[in-house]
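Me: I would like to learn how to read helix faces and aromatic pairs in a model. Could you take me through them?

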Amino acid sequence: QNQNSGWYSYNYGRPTANYRDKFNDVVDIALEKHFEVISVTFKSPDSMESLPIDQPGWRSTPFAYVLLKAKGAEVDRIAPLKIDMDFLDTSGYVVIPVESPAVVIDASSDGDVDRPVSDLVVTQTLDERMADEGKLIVEVSATAKGLVPPLEQIVKLDQKNFEVVNVDDQGVLASTFDEDSKAPQILSERSWSVEYQAVDGLGESADFSFGEPKMADVTANYQRYEDADLVDVEPQVTLNREYGTSSWWSLAWVIPLLLLMVGGGVLWWFMRSEKEQAETRRFEVPQEINPFTVLTVLRDIKQRNGIDDQKAEELSHSINRVEAYYFGRSEQEIASEDLKALAESWVQQSN
């Protein structure tokens, strides 16, 4: 146990220590050169009992399950592992180092060796929530006594209407020791995510069959998502969503319709743009600038409501000033108007 984890621990008068961490370090140092240490699973302290072995007078106490993966086919042995066993005898604190022998192995196989496994339970869950992306997902999970085999050894993945695009293997996990077994036995679990896509020309909903078990004595469960809930189903189900696309020949009539719609949209946009441009520029600055042409534009703006009421009085004042200067009979001196600037100002405000 890790005795320095914050809980009170008593180590029979000797210093407390993190024994699990020490063993993990021993495993990493001794094996990291030739192996990938996938997991170290410790036996529960409550079930830590010694077991009889074939050698008379000796017993075995399993306390950890180490799952390894060789880094190459050339690996031919497992290096010795050393563990310090702490004891308290009549003379005080005693440490006895114990070292395992090297174990000869064959890592050159391709993983086709049948490992002992029993009580295999496989659950397949159909997930159609990514149908909008054209994906049909089946989540596969398995538990067993011993290490769960690869997926291709457990179920058949071939489908009539769908083909496998990708299989995401989460890897095997040694979860715990089987407390009911008289011999050392590990319980493991493993999960996969299988992505399917519809075959060409499917174009509508179809039936889907879950993968059939390949191994004997397998407990198979089948589920699917109904909204956010999981419900049990039969090995064959009717899909709720549509997958795949119809062939191009069956959609040939759509192409002229799309071209007609696009052409009509372009024509409507062009005519609308011309109309908006014409409506936007209702008034123009006259090409020939003189009192008559400028007064004509200003009166047109006033009569056609080219400005709001707030500026109407200001426009009337501008018209009166032009008329008084160029056509009035008053002898009072009136400042001359810049006719072009006046016309441009009011045209810009009214357009």
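Me: Which residues of H3 are buried?

Reply: This is a predicted model, in which local features need pLDDT of at least 70 and side-chain atom pairs count only at pLDDT 80 or more, while totals for chains, interfaces and linings use all residues. Residues are numbered from 1 along each chain as its sequence is written, and side-chain values use heavy atoms, with hydrogens and water left out. An α-helix has 3.6 residues a turn, so residues three or four places apart point the same way. The buried residues of H3 (under 20% relative accessible area, 1.4 Å probe, protein chains only) are Pro 291, Val 294, Leu 295, Val 297, Leu 298 and Ile 301. They cover an arc of only 160 degrees around the axis, measured by directions from the axis to the C-beta atoms, which puts them on the same side of H3.

Me: Which exposed residues does the face of H3 turned away from its buried side carry?

Reply: That face carries Phe 292, Thr 296 and Gln 303, where exposed means over 50%.

Me: How are the planes of the Phe 23 and Phe 42 rings set?

Reply: Rings of Phe, Tyr and Trp (its six-membered ring) pair if their centres lie within 6.5 Å, and planes under 30 degrees apart count as stacked, over 60 as edge-to-face and the rest as tilted. The structure holds six aromatic pairs. With centres 6.1 Å apart and planes at 70 degrees, the rings of Phe 23 and Phe 42 form an edge-to-face pair. Phe 23 lies in helix H1 and Phe 42 in strand S1, so the pair ties together parts that are 19 residues apart in sequence.

Conventions: Helices (H or I, at least four residues) and strands (E, at least two) are DSSP runs, numbered from the N terminus.
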